[in-house]
Amino acid sequence: MTIDSDPIPVTLRWAVRLLRAEAVAVGLVAAWLLWADLTATTTDLTSALLVTAFAIGAAAALWALGGALTRRKAGARAPAIVLQLMLLPIGWFMVQGGMAWLGVPLVALGLGTTALLVSTPTTRALGFE
């Protein structure tokens, strides 16, 4: 039996969990988009497939970044933070568009995950200190 003498800190574990949850959510959106692409009666197929591909790529990137952070790859932190900060304008425009019920949680998710990624225990675990 091997005991890890330097366990992953709670902040990093939660950041990874949130990244993976986001990946699953975006993956479900991508699956819905694919279904919508295939069943639509009229559509600009090229644009529809590009949006679907973007969603699939975002889900894959979030999942991969979560895995890299689990393996303590320091280079994965910056792209993960960028993806989290992208939630801020998305959430803000949702709030402005009357969908505060979804926009406010997205802003909170982006800020919260970013805070976990830049916290002192995560920073130390990734070797930045």
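These exercises walk through one predicted protein model, each with a worked solution.

**Exercise 1. The overall fold**

Task: Find how many helices and strands the protein chain has, and in what pattern they follow one another.

Solution:
- Step 1. Count the elements. The protein chain has six helices and zero strands.
- Step 2. Read along the sequence. The pattern is α-α-α-α-α-α.
- Step 3. Add the dimensions. The C-alpha trace spans about 60 × 35 × 25 Å along its principal axes.

**Exercise 2. Surface, interior and charge**

Task: Describe what the protein chain buries, what it exposes, and how its charges are placed.

Solution:
- Step 1. Start with the interior. Of the 129 residues in the protein chain, 30% are buried.
- Step 2. Turn to the surface. The protein chain exposes about 8,000 Å². Carbon and sulfur atoms supply 73% of that area.
- Step 3. Count the charges. There are 8 positive and 6 negative side chains. The centres of these two sets lie 11 Å apart.
- Step 4. Check the contacts. Take those between residues at least 6 apart in sequence: 64% of them join residues at least 24 apart.

**Exercise 3. A nonpolar patch**

Task: Name the residues that make the nonpolar surface patch, and the helices that supply it.

Solution:
- Step 1. List the members. L34, L38, L45 and L49 make a nonpolar surface patch of about 380 Å².
- Step 2. Assign the helices. α1 (10–39) and α2 (45–70) each supply at least two residues of the patch.
- Step 3. Look at one member. L34 lies in helix α1. Its relative accessible area is 37%, so L34 is partly exposed.
- Step 4. Test it against the cut-off. Patch residues need over 30% relative accessible area, and L34 has 37%.

**Exercise 4. A buried charge**

Task: Locate E22, decide whether it is buried or exposed, and find what it touches.

Solution:
- Step 1. Place the residue. E22 lies in helix α1.
- Step 2. Judge its exposure. E22 is buried.
- Step 3. Look for a partner. E22 has no salt bridge. The nearest side chain of opposite charge is R20, 11 Å away.
- Step 4. Apply the cut-off. A salt bridge needs a side-chain nitrogen within 4 Å of a carboxyl oxygen. R20 is 11 Å from E22.
- Step 5. List the contacts. Leaving out residues up to four places away in sequence, E22 touches L62, Q84, L87, L109 and T113.

**Exercise 5. Residues that meet across the sequence**

Task: For I56, A61 and P89, give the helix, the exposure, and the C-alpha distance to a partner residue.

Solution:
- Step 1. Take I56. This residue sits in helix α2. I56 is partly exposed, at 46% relative accessible area. Its partner A31 is 25 residues away in sequence, and the two C-alpha atoms are 8.3 Å apart.
- Step 2. Take A61. Helix α2 holds this residue too. A61 has 29% relative accessibility, so it counts as partly exposed. A61 and P79 are 18 residues apart in sequence, and 9.1 Å apart from C-alpha to C-alpha.
- Step 3. Take P89. Its place is in helix α4 (residues 87–96). P89 counts as partly exposed because its relative accessibility is 40%. P89 and V107 are 18 residues apart in sequence, with 8.0 Å between their C-alpha atoms.

**Exercise 6. Two loop residues**

Task: Locate A40 and R72, and state a geometric feature of each.

Solution:
- Step 1. Place A40. It lies in the loop between α1 and α2. A40 is partly exposed, with a relative accessible area of 38%.
- Step 2. Add a distance. A40 and L65 are 25 residues apart along the chain, and 33 Å separates their C-alpha atoms.
- Step 3. Place R72. It is found in the loop between α2 and α3 (77–85). R72 is partly exposed, at 21% relative accessible area.
- Step 4. Check the cut-off. Buried means under 20%, so R72 at 21% is partly exposed.
- Step 5. Read the backbone angle. R72 has a positive phi of about 60°, although R72 is not a glycine.

Methods
Residues are numbered from 1 along each chain as its sequence is written. This is a predicted model: local features need pLDDT of at least 70, side-chain atom pairs count only at pLDDT 80 or more; totals for chains, interfaces and linings use all residues. Side-chain values use heavy atoms; hydrogens and water are left out. Patches are made of residues with over 30% relative accessible area and no salt bridge: like charges are joined within 9 Å, nonpolar side chains (Val, Leu, Ile, Met, Phe, Trp, Tyr) within 5 Å. Accessible areas come from the Shrake-Rupley method with a 1.4 Å probe; for residues, only the protein chains shown count as cover. Helices (H or I, at least four residues) and strands (E, at least two) are DSSP runs, numbered from the N terminus. Buried means under 20% relative accessible area, exposed over 50%, partly exposed in between (1.4 Å probe, protein chains only). Contact means heavy atoms within 4.5 Å. Lys and Arg count as positive and Asp and Glu as negative; His and the chain ends are not counted. The place of a charge is taken as NZ of Lys, CZ of Arg, CG of Asp or CD of Glu.
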